Amino acid sequence: MSSISLDTHKKLRISPVFLYLTGISSSQESFSAAIIEQAQKYNVTINILDISNYLKNDISSPSNNNYDLKMPDISKIRSNVSASTQVDFVSQITQNLWYHFAKEFGCNLIFTAETNTSLSTKLLSNIVLGRGSQIENDIGFADQRNSSIQIFRPMREITDEELDLYVKVKKLIPVPNSNKNDNNTLQSVLSNFVADLQNHSPTTISTICKTADKIGSKSLHNCNKKCELCLNLINRPNKLVATDAITFSKMVSSGVCSTNTLAKVLDNYPSNVSVFPNIYETLCYTCSKNYNELDTNT
Amino acid sequence: MPIPCKTGCGKNAMLKRPKTGDALCKECFFWAFETEIHFTITKGELFKRGDYVAVAASGGKDSTVLAHVLKTLNQRYDYGLKLMLLSIDEGITGYRDDSLETVKRNRDDYEMMLKILSYKDLYGWTMDEIVEQIGRKNNCTFCGVFRRQALDRGAAMLNVKCIATGHNADDIAETVLMNILRGDIARLKRCTAITTGSEGTIPRVKPLKYTYEKEIVMYAHYKQLVYFSTECVFAPNAYRGHARALLKDLEKVRPSCIMDIIYSGETLAVKEEVSLPTLRVCSRCKFVSSQEVCKACVLLEGLNKGLPKLGIGKSSKAKKMLEQYQTEQKLKEIDELNNEFKKKNCLSQGKLCKSGCNKNKASYKNIDNECTSTENNSNDELSGNPKLNILLKEYSLKDSNKDDEKESNETEDVIEENTCAGTHGGDCFSIAF
């Protein structure tokens with residue numbers, strides 16, 4: 001808001017639209033009032049949307065109607081799937097909602113407030129969840145997975161520490177973070193780990209973010225398939241990867257593959273045993289795993 | 001209430017697989033474990049019929065299980081392989097000398113040929129001696145680099161087609177995390193490859209790439225395999241420890257994250273515009289290297305010259321240290337020459353006395369003392385070092401203008417810098433236990 005109101009010969013000519021998504025965590029309701037108060041203080045209009053509406057009314061339906069992706073109720077997501085899956089799944093839905101409402105408001109850019117610190121944790125989360133090929137979009141300055149709307153991360157080079165100092169110097173009163181992760185999630189373990197390691201090795205966060213700058217994904221030039229949930233490009237690897245090993249393990253442990261049928265299974269591999277539903281067709285590896293967990297438990 | 005085996009064999013389950021969570025009886029677990037490795041070997045096309053394969057053996061659980069399973073599968077599915085054991089003796093008292101006894105037992109149990117190479121024979125130093133000189137920091141760097149080359153040398157001596165290492169899924173997942181934390185993009189790119197090696201080198205394969213460490217322990221336990229399970233005494237300070245601790249915490253939350261991390265490593269790639277070191281051959285020892293002189297040679301030079309930090313960190317620092325050392329050596333030589341000259345000749349008012357007398361010999365004792373007082377301790381130690389004399393004759397670093405450009409652009413550690421995790425063998429170039 002300071003940049004827009006500056007009276008200089010080079011004005012920042014943007015028309016910001018503010019969006020707040022609620023319903024992501026059960027404790028979020030009390031924060032809406034504080035956010036509205038903040039918006040009134042800066043004399044801006046803020047749009048507040050409950051994420052549950054997305055799942056009930058299917059606002060953003062999958063483009064490919066051949067696959068039956070049924071979205072469950074948000075309360076069932078919270079109670080029946082693991083906390084780590086919940087966090088990841090909800091973050092994908094959140095991003096889809098940003099795109100949806102950016103389009104509705106006529107916006108072609110989305111700015112997020114992710115810092116160096118949060119992105120370093122996000123990079124490790126991506127690696128741990130199997131989203132290694134999506135680091136460029138999820139951690140980079142510009143996220144270009146949507147052809148008409150780009151996400152920018154203007155605070156990417158700023159650490160949480162610097163942010164805290166700025167808040168103190170400018171005497172700002174931020175609303176406390178309402179999206180605090182459960183302590184027993186992969187994301188929270190990584191967040192604590194990064195914070196601890198940063199205390200011992202102060203270059204940890206900057207090193208991780210520099211690593212992210214150098215990471216892309218395998219060549220996907222001829223690939224035009226996108227994951228229905230996270231919108232990242234998907235491509236079936238042409239060599240042995242972990243998904244093959246996991247699928248085979250399941251087959252062997254469940255008795256599908258026995259001594260008598262082993263030779264046939266190996267000859268006909270990849271098999272039709274579906275451990276990862278719709279993988280490489282309409283879903284990426286991680287979204288397929290999440291969907292499988294949701295489908296099984298809801 | 002007994003739980004039936006998930007495969008439907010009719011027996012009661014005896015264990016729950018850490019990898020899949022399925023309850024299996026002992027026999028079905030053995031079969032599943034071995035068959036999954038067979039799947040990895042087959043689909044990964046690791047071996048060809050008739051290949052001579054060296055199994056990197058340390059006596060630890062990973063290499064013991066690997067040797068056992070490879071022998072079993074070789075017979076069961078008629079791979080047609082000729083297997084042998086290759087072991088490296090780093091010279092760590094109370095650790096390696098005990099584990100080598102286990103390797104010898106493996107040799108007898110599996111009826112495989114065994115070749116043992118020692119650091120002492122190859123480099124003239126044991127790890128005990130190295131640690132004595134360099135202290136408890138960075139010793140895994142020395143061990144890992146030397147072991148990697150030692151394995152290559154051993155494999156060349158045995159004339160094998162490839163080296164099979166016992167790196168398991170946990171090792172590879174740790175390596176991915178560690179390389180991200182350290183910003184080692186070059187290693188990150190190749191650390192999940194099931195086969196590693198460049199043209200002209202003997203490739204290394206990882207048949208246990210998708211095998212969980214916990215299942216390896218369980219397999220060894222139920223099969224009553226004999227292995228050595230003590231952690232290396234020099235390992236506690238390794239950086240890999242951070243990655244290992246993180247992985248253990250993550251595994252408690254979600255056991256399948258190990259495979260997810262491996263999948264991430266397999267599907268990420270380095271951007272084209274990022275410059276990576278190119279592989280060439282060391283100008284001294286002719287082994288593969290990303291620099292003109294390989295890391296093993298640089299580290300060895302540092303040890304022999306009493307420069308323990310040489311080779312630790314960026315190669316530009318090593319170059320500066322060496323230049324400084326050589327300057328000091330030259331100054332020392334010049335001083336010695338001057339002193340020698342003064343001893344033998346009489347000087348008066350700066351000019352050579354033409355009488356041919358040596359009367360002023362004693363007055364130069366003070367000058368000698370001043371000269372020796374400026375010498376550093378390392379030079380005192382090296383003065384009687386026969387290794388130094390041999391190596392100084394054989395090795396010398398050449399200045400190169402091209403390296404100056406690289407210095408200013410270098411932002412990463414030297415490619416071959418390595419950390420060794422004692423119980424799990426470190427990165428893809430070291431032995432897993």
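## Exercises on a two-chain model

B:Asp260 forms a salt bridge with A:Lys289, and their closest N and O atoms are 2.8 Å apart. Keep this pair in mind as you work through the exercises; the model is a predicted one.

**Exercise 1. Find out how many salt bridges cross the interface of chain B and chain A, and check the pair B:Asp260 and A:Lys289 against the rule.**

Step 1. Start with the cut-off: the rule asks for a side-chain nitrogen of Lys or Arg within 4 Å of a carboxyl oxygen of Asp or Glu.

Step 2. Now look at the pair: the N and O atoms of A:Lys289 and B:Asp260 come to 2.8 Å at their closest. Side chains of opposite charge can pair when their charged atoms come close.

Step 3. Across the interface of chain B and chain A, the rule finds two salt bridges. There are also 17 residue pairs in polar contact between the two chains, both residues being at pLDDT 80 or more.

**Exercise 2. Describe the side of chain B that touches chain A: which elements and which classes of residue does it contain?**

Step 1. List the elements of chain B that give two or more residues: α1 (26-43), α7 (169-182), α8 (185-190), α10 (240-253), α11 (257-267) and β9 (268-270).

Step 2. Pick out the largest share: α11(B) gives nine residues.

Step 3. Sort the residues by class: this side of chain B has 26 nonpolar, 12 polar and 13 charged residues.

**Exercise 3. Work out how much area is buried between chain B and chain A, and which three residues of chain B supply the most.**

Step 1. Begin with the contacts: 51 residues of chain B touch 55 residues of chain A.

Step 2. Turn to area: about 4500 Å² is buried between the chains, and carbon and sulfur atoms give 69% of this.

Step 3. Name the top three: B:Phe39, B:Arg254 and B:Tyr263 supply 16% of the area that chain B buries against chain A, more than any other three residues.

**Exercise 4. Decide how β9(B) and strand β6 of chain A run, parallel or antiparallel.**

Step 1. Locate the partner: β6 of chain A spans residues 215-217, and three bridges join this strand to β9(B).

Step 2. Find one facing pair: A:Gly216 stands opposite B:Ala269 in β9(B).

Step 3. Read the direction: the two strands run antiparallel.

**Exercise 5. Explain why β5 and β7 of chain B each have one side without a neighbour in the sheet.**

Step 1. Write down the strand order of this open sheet of six strands in chain B: β5-β4-β3-β6-β8-β7, with mixed pairing.

Step 2. Look at the ends: β5 (113-118) and β7 (195-196) of chain B stand at the edges with a single partner strand each, so one side of each has no neighbour in the sheet.

Step 3. Now go inside the sheet: five bridges join β3 (residues 52-56) to β4 (residues 82-89) of chain B, and these strands run parallel. Here B:Val53 stands opposite B:Leu83 in β4(B).

**Exercise 6. Show where the two partners of the salt bridge between A:Arg153 and A:Glu114 sit along chain A.**

Step 1. Check the distance: the N and O atoms of the two side chains are 2.7 Å apart.

Step 2. Place each residue: A:Arg153 is in the loop between β5 and α8 (160-169) of chain A, and A:Glu114 is in the loop between β3 and α6 (116-129) of chain A.

Step 3. Conclude: with their positions 39 residues apart, the pair links distant parts of the chain.

How values were computed
Residues are numbered from 1 along each chain as its sequence is written. Chains are lettered from A and ligands numbered from 1 in the order in which they are written. This is a predicted model: local features need pLDDT of at least 70, side-chain atom pairs count only at pLDDT 80 or more; totals for chains, interfaces and linings use all residues. Side-chain values use heavy atoms; hydrogens and water are left out. Contact means heavy atoms within 4.5 Å. Buried area is the accessible area (1.4 Å probe) that two parts lose on being put together, summed over both. A polar contact is a pair of N or O atoms within 3.5 Å; within protein, one must be able to donate a hydrogen and the other to accept it, and residues adjacent in sequence count only if both atoms are side-chain atoms. Helices (H or I, at least four residues) and strands (E, at least two) are DSSP runs, numbered from the N terminus. Ala, Val, Leu, Ile, Met, Phe, Trp, Tyr, Cys and Pro count as nonpolar, Asp, Glu, Lys and Arg as charged, and the others, Gly among them, as polar. Two strands pair if DSSP finds at least two bridges between them.
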